[in-house]
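This report is a guided reading for someone meeting the structure for the first time. Please look over the sequence and the structure below before going on.

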Amino acid sequence: MSRGASNGASAVRALLGALGLGMAGWISILVLVAAWEGVARSGLVTPFMLPAPSVVLDRVWTDAASGDLLNNLGLTLYRALTGFAIAAAGGIALGVLIARNRAVRWFFDPLISIGFPMPKIAFLPIVVLWFGFHDVSKITMVVFDAIFPVVTATIAGTQAIERELLWSARNLGANERQLLREIVLPAALPQILTGLQVALPIALIVCIVAEMTMGGVGLGGAMITAARFADSPGVFAGITEIAVAGYCIVKGMERLRRRLLVWHQEALAPPTV
Amino acid sequence: MKAAFIRYLPLVLLGLLWEIAPRVGLVSTLALPPLSDVLKAWLRLLEGGDLWSNAAASLYRAGAGLLLSIVIGGALGIVMAWWRPVHVVMSPLVELLYPMPKSALIPVTALWLGFGDGSKILLIFLGCMLPVTLGAYNGARGSDQALVWSARSMGASRLRTLWDVVVPSALPELLNGARTALALSFVLLVSSELIVSRKGFGYLIGFLGEGGVYDAMFAVVLTVAFLGFVADRIYQRLMKRVLQWQE
């Protein structure tokens, strides 16, 4: 009996650990949610300012049951992740080119060093002007914003490769393509992944802003509609859904990094994002 | 001089392309007003005073929010590293909320504080705090235990040690976190002003865009982008100055 209980407890602990937080972490979050519920019910604040978590969860449940949640979540993820994938592929390619080709470096270096610290979100109305209100403009905006960290990380990673490594590969008869696939990309991978880990939250932030400005279907659009109608449970349900989605995606990326870098000593280093 | 010219030549070429492409009809002047028109619109905006008043509103919001986030976020990070109970309570929350796309806070702060300055300041404070907190926490946690012990053994009080040993050693990473926060503050500022506001850069951009005054809209967009760039450069200078004592 007691053995079964302890088995059960350890299973629960393992499950919670798999979710990325320790036992103490979950207790602290549960206490916070309980406090939120208590404050919301005590009448200290109006339900409009702070709906109780039970009300918010009920709303999330209704959204999920009606299929709205799946629709909105699917579209938001589609836009953010498509943009992210394009930014990743384009950014890595451009970064390698910049690091290995002088002419390309000459052209792009000033653009990157000026473009990186710029708040690119300000270009949103221009992108809308060019591409309209549909998915294309949202995805373009995500790419435009997320590509910079990928490019700079790829450049840094590629330039840091030891020359001896490249020279010996050449000596052994590797051609340019083999050199890229066998040496450059694997050696630069840790830095590239760091760049991707910076770019991923940016992609989500930008996608949600774009949805909020343009309205329509998507988590950001649903949230801004709720805010316009002063539907505060809707707003808080939206932020809960977005927070959970963001958490899962960012944690998934950390997992992916650890899996891709098992061969690398840095696999043990904590991710910086 | 010549090296700088060659280095920035690509920008000049792009500027020329921007001027020529709409003039010869490669792209519509509606989609891309020629650069010279944009500059003229910029001067008009400066003379009319629209740019100044909206810039003042935006900079006030970003500055106040950022200052709050650096002071409170930095203090929280250092206390988390210094005092275990705070760490136990706060770190799961930080862990959970850090990956949240911060733009999701825009409707919430608008719900709480309306469309004015307060909601923007709160948004920037909440959105920019966690990078600073995490930086301060990592920096303070990494402070040399031997230094802490020797300070304590030489009779420094706990508070004195915190201020003289832990805070300086947390500073480099804290300031790095603050740089992320600076970039984030521009993003949150402009997007919240685009979505819900009656003044500020974002509002002006949206207003001009809806009115079809595209040359002026491009001028404001470029102003914001340029300010973001300049702010980052100035911040890097300052950071170097503050951290001069480091090897």
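Which helices do the buried residues of α5(B) pack against? In this predicted model, the buried residues of α5(B) pack against α9, α10 and α11 of chain A, together with α6 (117-141) and α8 of chain B. Helix α5 of chain B spans residues 105-113 and is mostly covered, with 7 of its 9 residues buried. The buried residues are Leu105(B), Ile106(B), Pro107(B), Val108(B), Thr109(B), Ala110(B) and Leu111(B). After α5(B) comes Gly114(B), which has a positive phi, near 80 degrees.

**The two chains**

Chain A has 11 helices and 0 strands, while the secondary structure of chain B comes to 10 helices and 0 strands. For chain B, the radius of gyration is 23 Å, well over the 18 Å that the globule rule gives for 247 residues, so chain B is more spread out than a compact globule. Taken along the principal axes, the box filled by the C-alpha atoms of chain B is roughly 75 × 55 × 30 Å. The table sets some values for the chains side by side.

| Chain | Residues buried | Contacts joining residues at least 24 apart, among those between residues at least 6 apart in sequence | Mean pLDDT |
|---|---|---|---|
| Chain A | 36% of 273 residues | 70% | 86 |
| Chain B | 45% of 247 residues | 72% | 90 |

**Confidence**

The model as a whole scores ipTM 0.87 and pTM 0.87. In chain B, 100% of the residues score a pLDDT of at least 70, and in chain A the share of residues that score at least 70 is 89%. Among the elements of chain A, helix α1 (residues 2-18) has the lowest mean pLDDT, 55, and helix α4 (residues 68-100) has the highest, 95. Where pLDDT is low, the predicted coordinates should not be read in detail.

**The contact between the chains**

The contact between the chains takes 43 residues from chain A and 43 residues from chain B. On the side of chain A that touches chain B, at least two residues each are supplied by α2 (23-42), α5 (102-115), α6 (124-131), α9 (176-214), α10 (219-228) and α11 (232-260) of chain A. The most is given by α11(A), with 9 residues. By kind, the residues of this side of chain A divide into 37 nonpolar, 6 polar and no charged.

Pro110(A), found in helix α5 of chain A, gives a view of contacts that cross from one chain to the other. Leaving aside its neighbours within four places in sequence, Pro110(A) is in contact with Arg7(B), Tyr8(B), Pro10(B) and Leu11(B). Pro110(A) has 16 C-beta neighbours inside 10 Å and counts as partly exposed.

**The nonpolar core**

Which residues touch the most other members of the largest nonpolar core? Of the 126 residues in this core, they are Val142(A) and Ala203(A). The largest share of the core, 19 residues, comes from helix α8 (residues 158-195) of chain B. Not counting residues up to four places away in sequence, Ala203(A) touches Ala80(A), Gly83(A), Phe84(A), Ala87(A), Val142(A) and Ala146(A).

Leu204(A) lies in helix α9 of chain A. Is Leu204(A) buried or exposed? Leu204(A) is buried, because 32 other C-beta atoms lie within 10 Å, where 20 or more are needed for a residue to count as buried. Apart from its neighbours within four places in sequence, Leu204(A) is in contact with Ala80(A), Gly246(A) and Ile249(A), and also with Pro101(B) of the other chain. Leu204(A) and Phe116(A), 88 residues apart in sequence, are 17 Å apart in space, C-alpha to C-alpha.

**A loop residue**

Ala230(A) lies in the loop between α10 and α11 of chain A. Although Ala230(A) is not a glycine, its phi is positive, at about 55 degrees. Ala230(A) is exposed, because the other C-beta atoms within 10 Å number 10, and a residue with 12 or fewer counts as exposed.

Technical notes. Residues numbered from 1 in each chain as written. Chains lettered and ligands numbered in written order. Predicted model: local features only at pLDDT ≥ 70, side-chain atom pairs only at ≥ 80, totals over all residues. Contact = placed C-beta atoms within 7 Å. Helix = DSSP H or I, 4+ residues; strand = E, 2+ residues; numbered from the N terminus. Nonpolar A, V, L, I, M, F, W, Y, C, P; charged D, E, K, R; others polar. pLDDT = per-residue confidence, 0-100. Core = buried A, V, L, I, M, F, W, Y, C linked by C-beta atoms within 7 Å. Rg over C-alpha atoms; globule rule 2.2 N^0.38 Å.
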